[in-house]
Amino acid sequence: MPVFDAAKALPWARRTKTKIAARTEALGAGEILTDETGGLYVGDGVTPVSQLPRQLVKPEADGYYATKGDLNVRDFGAKGDGTTDDTTALRTAIAAAVAARSRLIWPPGTYRITGDLPMGTSTAGSTNWAMSGMGVTILQATDNTPIFHFTKELTRNFVIEGFEFAWAANQAASNTKSVAIYFDSDTNNNYGFYNFVVRNIILRNGYRGICVNEQSANTIPVWGANLHDWHHSSSMSGAAIRLVQTASGQPNIRLCNIYLRGDIATEEGIIIQGAGAVTLTNIEFNKYVFREMLITTCDSVILSAIRSEHGNLANLASGLWTFSDCRFDIRGWQVQSKTFSGGTGWMFVFRLIGGNTAGVIGVGTVLSLTITSPTQVALISGDASADIQFDGPFRNASGIPKVYKFDNTATHVSKDRGIRGSVVTKTASYTAGDVDDIIVCNGASVTITLPAPNATLSHPNRQYVVKNVNAAAATVVSAGTSQTIDGAASVTLAQWEVGRFLNTGSTWLRI
């Protein structure tokens, strides 16, 4: 084992050759002092050096970088009894753990604080440290105040796990700094914070779970963020995750196993802007009354196992899940037990907008919806620039009346493989609806009318399958003025004959 080299391991720390027992002065709060035998002392601004607890720093094999055995917040005076103000003790403990690149253990308890907890050193970005609790609540007693507060850019490669972040009083949406993990910057270098894990988290009574200071002079990128196993409780008034970046990008954002309650939320549960290579897996939204997710100007967004349940939706012209100027692929989604009651306008599940939006919507289910008249609901809405691939199958167990509702006919659907409902059998003439896919004719003189190919509720590449099983011939025609099928006014299907009809945007083709 090499000799501990404090100068190489902790270059920012003060070093002493004087015996610690002879040091009567106090170190500043969070100030680090090391001795020549591997001891580390962290000041609290009051206690003399000779009375500070000695923490042993263990060198790595090469002797150049310090690692530490676990530190414990109780050794720095934190009580965790829910009554004592632990702010100073926790600040000191965090400073020590970060400086020594150590794991800080928080024994079970409620740690009451009256200010923020700075995360990192006082001079520069830090790396390779961890905050570890289980059965731990950090209770912020001061309104409009964050809990874990990051201000030094280039802070990276850290882990935060096993905490409930809570405020003593419910925080209104106007208390925008009531954030569990708040990324700020005192240098505005646009370097950001990166490559970290935050897991096993509960959020209660606050505004947001994690966000950046969007009022900073420069944007603050957060990238390489791994956020998983979060519970965003019904008492939160804002987003669980809001990572908004407008300049340099935020690659590699990963969200997994996130549960969000939106009972009193005033904004979407998940908001991501300016990111690339984003993955969302096993996300559930519950009891939101408006839009739940907003993904903007992001590349390569993969979503799987995304679920929405309960909540009376009063206005969803913007869509339940909105993608703006994004490239995305969503599969394994479900919307269940929601009430749509937005009045006379249209409401949507997926809303695709922006000139660079292209998306694949894969296998999914809609069931047990309540649609209050005269509200009109469609599964997918897009503007003229969106490119949609509906790559089903789609189980429509609620009878959602429309799959597509476009701003105009220029919206491009490059693939449509969704089976939007069960096979329907008709014994009398019938007008095909947007949710129909396979229509079986079993009656005398049945006429099936397809939508006008240039109607805003239809789209290019839309297909219908019509099968006639009756001895009497069935007829297929197109709605709209002078609309044709293969250039003719109608197509006749004899018994057992099947026709597949493709919308080109201006006419129908039998294929």
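How many disulfides does a search of the whole structure find? The search finds 0. This is a predicted model.

**Cysteines**

The sulfur of Cys298 has its closest cysteine sulfur in Cys326, 4.8 Å away. That is too far for a bond, because a disulfide needs the two sulfur atoms within 2.5 Å. Cys298 counts as buried, at 0% relative accessibility. Cys441 is buried too, with a relative accessible area of 0%.

**Strand S18 and its partners**

Strand S18 covers residues 241-244. Ile241 and Leu243 point one way from the strand, and Arg242 and Val244 point the other way. All four residues are buried. In a regular strand the side chains alternate between the two faces of the sheet.

S18 pairs with two strands, listed here with one bridge pair for each.

| Partner of S18 | Residues | Sense | Bridges | One bridge pair |
|---|---|---|---|---|
| S16 | 208-212 | parallel | 2 bridges | Cys211 and Arg242 |
| S20 | 270-273 | parallel | 4 bridges | Arg242 and Ile271 |

Arg242 thus appears in both rows: Cys211 is its bridge partner in S16, and Ile271 is its bridge partner in S20.

**Helix H2**

Helix H2 runs over residues 87-99. At 1.5 Å a residue, its 13 residues should span 18 Å, and the end C-alpha atoms are 18 Å apart, so the two values agree. The helix is mostly covered, with 11 of its 13 residues buried. Among the buried residues are Thr87, Leu90, Thr92, Ile94 and Val98. Several alanines are buried as well, including Ala89, Ala93 and Ala99. After H2 comes Arg101, with a positive phi near 55°.

Methods: Residues numbered from 1 in each chain as written. Predicted model: local features only at pLDDT ≥ 70, side-chain atom pairs only at ≥ 80, totals over all residues. Heavy atoms only, no water. Buried < 20%, exposed > 50% of the residue type's maximum accessible area, 1.4 Å probe, protein only. Pairing = 2+ DSSP bridges. Expected span 1.5 Å × (residues − 1).
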